[in-house]
Structure formats: C-alpha cells, structure tokens
Amino acid sequence: MEDRELIRRIQNGQKEYLNEIAVKYYDDIYYFCCYQTGSRQDAYDLAQDTFLRFIRYAEHYRYQNLKGYLLTIAMNLCRTYIREKASQTADWSATEERLHAKADGMQTENSLILAQALNRLPEIQREAVLLHHFYGYKNREIAHMTGASYAAVKSRVKQGLTKLYQLLNKEDFYEQ
C-alpha cells in the first residue's frame with residue numbers, strides 16, 4: 001500500500017496501519033541511527049523513539065516524503081543524543097560498539113572501516129554524506145530536511161567526502 005494511503009487511513013482512525021509504516025521503514029531508520037551514533041543499542045532506542053514520535057503526531061502529518069520525514073525525526077533525535085553524550089564524555093566516537101554492515105546485519109572489515117571513518121567526520125558532514133550517498137537524497141531535499149541552505153549542503157557533502165577519502169587513504173588509520 002502506498003504511503004499516502006497508509007497515512008490517510010491512520011488519520012481516519014485506523015491505527016493498525018502504523019505498524020505497516022514501522023515495518024516498512026524501520027531498517028532504514030535503525031541503520032541511519034547506527035551511522036550517526038556508532039552504537040547498535042542506542043540506535044535501537046533512537047529508532048524506537050523516532051516511530052513513537054511519529055505515532056504521537058501522525059494526525060498532523062502533511063509532508064510529502066514519509067521516509068524523509070522519518071529520517072528528519074531520527075536526525076533530530078540523533079543530534080540531541082550526540083549533544084547529550086558529548087556533554088557526558090568528550091569522546092563519544094570511541095564507543096566499543098561499531099557499526100555493522102547493512103547487508104544481512106553481517107559485519108565486514110570494509111564496513112567497519114567505513115563506519116569508523118564516518119564516525120570521525122563532523123556531525124553535519126556525516127549527516128549530509130549519509131543522506132546523500134547512502135539514502136540517495138538530492139542536495140535540495142537534504143537542505144529541506146535539515147533547514148540548511150542548498151549551498152551549505154553541497155559543501156558539507158563535498159567536504160565530508162574529501163575527509164572520508166583522506167581518512168581512508170591514511171596509512172595509520174587502519175592501525176587504530
């Protein structure tokens with residue numbers, strides 16, 4: 001069933017369709033939160049919070065792109081989480097748990113290396129790179145989701161990719 005129809009039914013009181021939305025988009029939201037936080041457990045909690053927040057405000061939903069809307073909620077929750085975590089410990093990116101590959105949840109050496117490199121990017125660059133290259137959003141869509149200008153998003157993606165390239169080509173990066 002199309003997202004528009006699911007939303008229409010939910011807004012008409014058929015709350016059982018909320019589960020279909022959660023099932024449809026849970027993996028994308030969960031992995032986005034994993035990339036943002038570097039922690040599978042925290043990503044699980046943040047993904048749950050994303051859907052709880054959506055459920056709470058589903059009656060008022062008017063956005064055209066449901067997946068983008070859910071990612072925006074997740075992004076805001078992740079930003080808050082990272083700010084709070086950073087205030088508790090200066091080095092949140094050094095958590096023991098690292099990202100696991102999206103494909104079948106299996107961890108591969110390359111995905112772990114990429115996750116570690118992504119975790120070393122500034123938050124706004126990591127966000128832009130993830131939304132652009134991993135989720136396929138265009139810079140204008142990311143600008144709308146994040147509230148940044150198109151030029152800022154374009155710059156963040158370019159700078160983030162440049163830093164990723166530099167990190168991944170650094171010899172001592174793999175020894176860390």
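Which residues does Ile21 touch, not counting residues up to four places away in sequence? The notes below begin with that point; the model under discussion is predicted.

1. Contacts of Ile21. Not counting residues up to four places away in sequence, Ile21 touches Leu6, Ile7, Ile10, Phe51, Phe54, Leu66 and Leu70. Ile21 and Phe54 are the residues with the most contacts inside the largest nonpolar core, a set of 49 residues.

2. Make-up of the core. At least two residues of this core come from each of helix 1 (3-11), helix 2, helix 3 (40-57), helix 4 (66-88), helix 5 (109-119), helix 6 (123-134), helix 7 and helix 8 (150-168). The most is given by helix 2, which contributes eleven residues.

3. Thr37 in helix 2. Helix 2 spans residues 18-37, and Thr37 lies in it. This threonine is buried, at a relative accessible area of 1%. From the side chain of Thr37, a polar contact of 3.2 Å is made to the backbone nitrogen of Ser39.

4. Cysteines and disulfides. A search of the whole structure returns zero disulfides. The pair Cys33 and Cys78 deserves a comment here. For Cys33, the closest cysteine sulfur is that of Cys78, at 3.7 Å, which is too far for a bond. The relation also holds from the other side: the closest cysteine sulfur to that of Cys78 belongs to Cys33. Because a disulfide requires the two sulfur atoms to be within 2.5 Å, the separation of 3.7 Å does not qualify. Both residues are buried: Cys33 has a relative accessible area of 0%, and Cys78 has one of 1%.

5. The two sides of helix 7. In helix 7 (residues 139-146), the buried residues include Asn139, Ile142, Ala143, Met145 and Thr146. These residues lie on the same side of the helix because they cover an arc of only 165° around its axis. As general background, an α-helix has 3.6 residues a turn, so residues three or four places apart point the same way. Arg140 and His144, by contrast, are exposed on the other side of helix 7.

6. The end of helix 7. Gly147 follows just after helix 7 and takes a positive phi of about 80°.

How values were computed
Residues are numbered from 1 along each chain as its sequence is written. This is a predicted model: local features need pLDDT of at least 70, side-chain atom pairs count only at pLDDT 80 or more; totals for chains, interfaces and linings use all residues. Side-chain values use heavy atoms; hydrogens and water are left out. Helices (H or I, at least four residues) and strands (E, at least two) are DSSP runs, numbered from the N terminus. Buried means under 20% relative accessible area, exposed over 50%, partly exposed in between (1.4 Å probe, protein chains only). A polar contact is a pair of N or O atoms within 3.5 Å; within protein, one must be able to donate a hydrogen and the other to accept it, and residues adjacent in sequence count only if both atoms are side-chain atoms. The arc is that of the directions from the helix axis to the C-beta atoms. A nonpolar core is a set of buried Ala, Val, Leu, Ile, Met, Phe, Trp, Tyr and Cys residues joined through side-chain atoms within 4.5 Å. Contact means heavy atoms within 4.5 Å.
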